[in-house]
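Student: I've got this model open and I'd like to poke around its empty spaces first, then its backbone and overall build. Keep the cut-offs handy, please.

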Amino acid sequence: MIWDVIVAQSPALLIAIPLLFAFFCPFIGKISNMVRNIWVAVGMALTSAVALILAWDVYAFGTRIYVFGAQAANYALPLDSGGIPVRIIFTVDPMSALMQIIAAITGLAIILYSISSEQRHSGLSSFYTLYLLMITGILGMVSTGDLFNFFVFLEIVSIASAGLIAYRVDKGLAVEAALKYFVLSTIGALAILFAIGIYYGEYNALNIAMIASRMQFTVLDQIALVLIMAALAMKCGSVPMHFWTPDAYSMAPSSITAMLVVASQASLYGIFRVLFTLYNVTLNTATVGWIVIVLGVLSMVIGVTMAIPQKNVKRLMAYHAISQTGYMLLGVGVGLAVLGNQPLMDSFGYTAMEGGIFHIINHAMYKGLLFLTAGAVFFRIGTYNLNKMGGLGHSMKWTMVFFIIGALAIAGIPPFNGFASKWMIYESVYVFNPILAIIAMVVSILTLASFVKVFHSIFMGPKLPEYEGVKEAPLPMLIGMGILAVIVILFGIFPETVVSTLIVPAAHALTNQGAYIAAVLGGV
Amino acid sequence: MGIFSSLLSGSGAWNPLVWLLAFVVAVIIVYLIWSRGEKSYKKGTEQTTPFISGNKEPSKDAVHVRGGNLYWGYTEALKGYYERIVPLHSGDMNDYVLWYLGTTALILVIVVVLS
């Protein structure tokens, strides 16, 4: 009975639980730090549990819609609404569920890590409040079926993220990074709001399924598409709109940087949702597909080449995050370029998309892990400067092992998860255009070279006198890193199970516009 | 679909368990070759010190190569590329906004003209 209620109300609980825990966090913080830490850990654990339950339900029984304020959760079209879904509707298909799984796992690992990594700082009640708001925003972005609602959740993520990036102040540098992020995010959000206004003026609706069912691809629709696509590409750190990324990623606390990766991926999800669900074959798929591919290739190449000469480990990793986003854009872009051509989709289009989508979850895990290892090193020695590091492998053995796992995964070395998704991208993209696949492989080699440098700089060499007393990272931080490391290994060793269970349904849900529309508009 | 199934791409297959098996076999072969090696090696004696043309070995922390010294040759070879690409990352927010607006405009022209 209780289980049924939880499953039935899970889309609402997904937002309500982190909001509730965020709201009460400052009050609980007045009691004691320990009680507050337990409060946020429980809040995040419950949120993750609900997200996983909802994801399980979606993968087992199909797309879920949840109409807020309706007599029944699936009552999308009230009789007096004129055939328009007027209420806020969450539409959770396997693609949304996959993104929820990413946010749930990463969010939980990071909160465990943060309890130790942030213990020496003040203002933690505000920190955790913003963190839970960020989680709320990310989960809302990937769950909502309403464009204006998407904009609202995007703004929640941007405001919470800006506050968290500026959290450590750091002589004003962190505040400056947050300001850059916030100004760009606000301009991007205004562009998105303008695009939503265009849709509303044209189609008298804000619901994604409703607009998709009426999509004409007029000049106004083309303008709206570009406004949304460019804004979200900027938000996910795509070159040449990536400039805020190294600044913000390097200045935020490491735990927040790991979560910023997930937030960026929620924006990437937004691009894919708009391209495939809102427009699908109504748009010029070859042209827009190639735009996505070019953004992907630029991100891969410029990201990795800018990473290699960096001396700040987090700035280096930030450029790699840009580079890895390029792989996702490349894979899904190839799928988009051949969308509507069923033989080509069957031949390599679906595999390219699956590779790109698989890379999203893999990247969240190994990049999150790498940022957490960088944070663990900073926690002990107080610097991100690679020139000042060395010999830490003697004293931080577990952190070193976790770093090696993350580094091999991002470089696409078998049998870790990064290899499996990159392999799918190489194989399928090669059929589409061999030059693109060769570029992707060269980028992987450069990624390996870059992380060999980082590994050598941080962990190799003799124990340096200034780090004589350095100890291993605290247990909660190791647990946080360990959770992500285990997933990196398991996803790498059993890729077929992950792909067939999680990725294939997500890719097909993304391309099957008709099913998405039917799930909402067919639920009268 | 089984837990030990290969991942298929349409033109190839990938099975990490087979790869792991091959890796274990390779490790065993390496171990066997290593175990047949010179047994008179003594750790902690002058056998383990490097020969630097008769000079005394410097202390370990004095010879540690720091991160900034790595890949000098790579960045030097691509100097022309880096001289152009690094200044673009100016840190100036006005530039960031201009890049975003410029890219948006370019995509808009491509999409509207080609559609």
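Student: Which residues line the second largest cavity?
Tutor: Ground rules first: it's a predicted model, where local features need pLDDT of at least 70, side-chain atom pairs count only at pLDDT 80 or more, totals for chains, interfaces and linings use all residues, and side-chain values use heavy atoms, with hydrogens and water left out. Residues are numbered from 1 along each chain as its sequence is written, while chains are lettered from A and ligands numbered from 1 in the order in which they are written. On a 1 Å grid over the protein atoms alone, a cavity is a set of points where a 1.4 Å probe fits but cannot get out, and lining residues have an atom within 4 Å of a point. The second largest cavity is lined by Leu154(A), Val157(A), Tyr181(A), Lys235(A), Trp244(A), Leu260(A), Ala263(A), Ser264(A) and Ser267(A).

Student: How much space lies in the second largest cavity?
Tutor: Grid points are joined across faces, edges and corners, and a volume is the space filled by probe spheres set on the points. For the second largest cavity, that comes to about 60 Å³.

Student: Which element gives the most to the lining of the second largest cavity?
Tutor: The elements with two or more residues in that lining are α5 (147-165) and α10 of chain A. Those labels come from DSSP runs, numbered from the N terminus: helices are H or I with at least four residues, strands are E with at least two. With 4 residues, the top contributor is α10(A).

Student: How many charged residues are in the lining of the second largest cavity?
Tutor: Ala, Val, Leu, Ile, Met, Phe, Trp, Tyr, Cys and Pro count as nonpolar, Asp, Glu, Lys and Arg as charged, and the others, Gly among them, as polar. That splits the lining into 6 nonpolar, 2 polar and, on the charged side, 1.

Student: Now for the largest cavity: which elements give two or more residues to its lining?
Tutor: A search of the whole structure turns up 3 cavities of 30 Å³ or more, and the largest has about 80 Å³ of space. Its 13 lining residues divide into 7 nonpolar, 6 polar and no charged. Nearest its centre are Cys236(A), Tyr249(A), Ser264(A), Ala321(A) and Thr325(A). As for elements with two or more residues there, they're α9, α10 and α12 (313-337) of chain A.

Student: And the largest pocket: which element gives the most to its lining?
Tutor: A pocket is an open set of points with protein on both sides within 12 Å along at least five of seven lines, and the largest one holds about 370 Å³. Of its 17 lining residues, Asp170(A), Leu173(A), Ser250(A), Met251(A) and Asn312(A) lie nearest the centre. Two or more residues come from each of α6 (173-203) and α9 (244-251) of chain A. The biggest share, 4 residues, belongs to α6(A).

Student: How many of the residues lining the largest pocket are charged?
Tutor: The lining has 7 nonpolar and 4 polar residues. The charged ones number 6.

Student: How many disulfides does the structure hold?
Tutor: You'd need a pair of cysteine sulfur atoms within 2.5 Å. Cys25(A) is buried at a relative accessible area of 0%, and Cys236(A) is buried at 4%; buried means under 20%, exposed over 50%, partly exposed in between (1.4 Å probe, protein chains only). Over all chains, the disulfide count is 0.

Student: Which residue does a cis peptide bond join to Val239(A)?
Tutor: Most residues other than glycine have a negative phi, and most peptide bonds are trans. One cis bond runs from Pro414(A) to Pro415(A), with omega near 5°. The bond at Val239(A) has omega of about 5° too, and its partner sits in the loop between α8 (219-235) and α9 of chain A. That partner is Pro240(A).

Student: Is Phe217(A), with its positive phi, buried or exposed?
Tutor: Phe217(A) has phi of about 60° although it's not a glycine, and it's found in the loop between α7 (208-214) and α8 of chain A. At 11% relative accessibility, Phe217(A) counts as buried.

Student: Zooming out, what is the radius of gyration of chain A?
Tutor: Chain A has 19 helices and 2 strands, and 67% of its 524 residues are buried. The globule rule, 2.2 Å times the number of residues to the power 0.38, goes with a radius of gyration taken over C-alpha atoms. A compact globule of 524 residues would be near 24 Å, which agrees with the value for chain A, 22 Å.
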